[in-house]
Amino acid sequence: MDFGGGEEIRFERMGRAGIVTMTRPQALNAITHRMINALSRALDAWETDPAIDLVLLKGEGRAFSAGGDIMAVYEGGKAGNPPVEFFADEYRLNARIPRFPKPYVSLIDGIVMGGGVGLSFHGSYRLLTENAQFAMPEVGIGFFPDVGGSHLLPGLEDSFGVYLALTGERIRYGDALWSGLATHAIKAADQADIIQRLTETGDVDAVLRDHAIRPDAETGPPAREAIARHFSKGTLAEVTASLEAEATGDEFASRTLATIAQRSPTSLNVAFRQIRAGHSLSMDDCMRMEFRILVRMLEGHDFYEGIRAAIVDKDRQPKWRPAGLGSVAPGDVDPYFASLGERELAL
C-alpha cells in the first residue's frame, strides 16, 4: 500500500489490521516530514475502511523511534529556514491520533523518544517490551517535551511526568506501566504471536488478556516517594530548593540536582510551565500551546546550541543563554506562551 512514504515507512494490510512499520533502522527510525504525511494519509484511508479493524504501529530494527530528524531541523534553522511546517503537520497528526475511532496499537520494542513518543503514546494501546526505553530528553538540547508532552506527562502518577520532563531520564517498561505511560507490558518474544492474532481477530483486549505481563517498577518506593515530594512543588524554584535541601545526605537528590544543572535553564522553565498548564488543557489546546513554544524556540539560541554540543561538535559543553536558572525571570518565559496571531496552529 502506497501512501507516499517512500522507503522510510511501510504500510500493509494484514487480515483485519493496517500495519505501519517505520523503516529507517540505521537512523533509529527518526521521524521525517514524509513519514508524518504518509501516516496521516493512511489514517485518513483506514478510518473509514470497513476491512480495517485496527492500526498497529511498529519500528524496524533495534529502535521503535528515537525521535525527530533533528539534524534536518538544525540545518534548516541555521540556514534561516526553520522547518515550521514539518512541526505543524507533526502536531496535527499528534492531535489526531487520540481521536482515531479504531484501536491504535503501538508495539514498542526498543528506544522511543521525542517524535516517536508523539506517534505512539497518544494511541489507545501502548505495548512495551523489556527492550523498550522511553525518554523525553529535550531540555538537554535546549528544546522542550513537545509532540503532546504537555498532555501526556501531567497525568502520570506521583509527579513522575514533571520529573521525566525536567531530567530527560530514560525509563523501562515497569516504570512506564505503573506510571500510566504504558497500557500493557509484554514479552518481546511474544510479538510475532500478538501481531498474528491481532490480524486474525481484530480483538485487542482478548489477545492482550493472554499476553500481558506485570513487571515490577524499576524505580523503587523510596525514589518514587522522593520524586513525588520534590516534583509536586508549585514552582521550579521550589523544586530545586527541595532537592538542594536534601542533596548533602541523599544520593537521589544529589544526582537529580546535578542532572538538572546540565539542562538548558530556559528549557527547564518553559517545560515546567508547559507541564503545569497541560493539566487543565485539552489535547488540541496543548498542541496549540506547544506550537507557540516551538516557534519561539526555533527563533532562539539554546536549541541550536544544544544540538551543536550534542551532535555536531559533540563537545557536550553547551553554552546556554542565560547560563543559570536564577537568571531566567518569569518575563523571559511569558513570550513562549503568547499568541502567534495569524500564525496559530490550525487543527
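This section describes the nonpolar cores, a central strand pairing and two buried helix residues in a predicted model.

The largest nonpolar core of the model comprises 94 residues. Within this set, the members that touch the most other members are Phe11, Leu39, Tyr91, Phe121, Phe134, Leu181 and Phe231. Helix α14, which spans residues 283-298, supplies the largest share of this core, namely 9 residues. A second core, separate from the largest one, consists of 15 residues, among them Ile19, Leu54, Leu107 and Leu198. The surroundings of Leu181 were examined with residues up to four places away in sequence left out. On that basis, Leu181 touches Phe121 and Phe134, both of which are also listed with Leu181 among the core members touching the most others. The remaining contacts of Leu181 are with Arg126, Leu152, Leu156, Leu164, Ile171 and Ala176.

Strand β5 covers residues 104-108, and 5 of its 5 residues are buried. The burial extends to both faces of the strand: Tyr104, Ser106 and Ile108 lie on one side, and Val105 and Leu107 on the other. Leu107 also belongs to the second core. Strand β5 is paired with two strands, β3 and β7. Strand β3 (residues 54-59) runs parallel to β5 and is joined to it by 3 bridges; in this pairing, Val55 stands opposite Tyr104. Strand β7 (residues 125-128) is likewise parallel to β5, with 4 bridges between them, and Tyr125 of β7 is the bridge partner of Val105.

Ser120 is located in helix α4, which spans residues 115-120. Ser120 is classed as buried because its relative accessibility is 0%, and the limit for a buried residue is under 20%. A polar atom of the Ser120 side chain lies 2.7 Å from the backbone oxygen of Gly116. Beyond residues up to four places away in sequence, Ser120 touches Ser106 and Ile108, two of the buried residues of β5. Further contacts of Ser120 are with Leu57, Phe64, Val112 and Arg126. Arg126 is thus touched by Ser120 and also by Leu181.

Ala253 is found in helix α12, formed by residues 251-261. With a relative accessible area of 0%, Ala253 is therefore buried. When residues up to four places away in sequence are not counted, Ala253 touches His230, Leu243, Glu246 and Ala247. The C-alpha atom of Ala253 is separated by 8.6 Å from that of Ser242, a residue 11 positions away along the chain.

Key:
Residues numbered from 1 in each chain as written. Predicted model: local features only at pLDDT ≥ 70, side-chain atom pairs only at ≥ 80, totals over all residues. Heavy atoms only, no water. Core = buried A, V, L, I, M, F, W, Y, C linked by side-chain atoms within 4.5 Å. Buried < 20%, exposed > 50% of the residue type's maximum accessible area, 1.4 Å probe, protein only. Contact = heavy atoms within 4.5 Å. Pairing = 2+ DSSP bridges. Polar contact = N/O pair within 3.5 Å; in protein donor to acceptor, adjacent residues only side chain to side chain.
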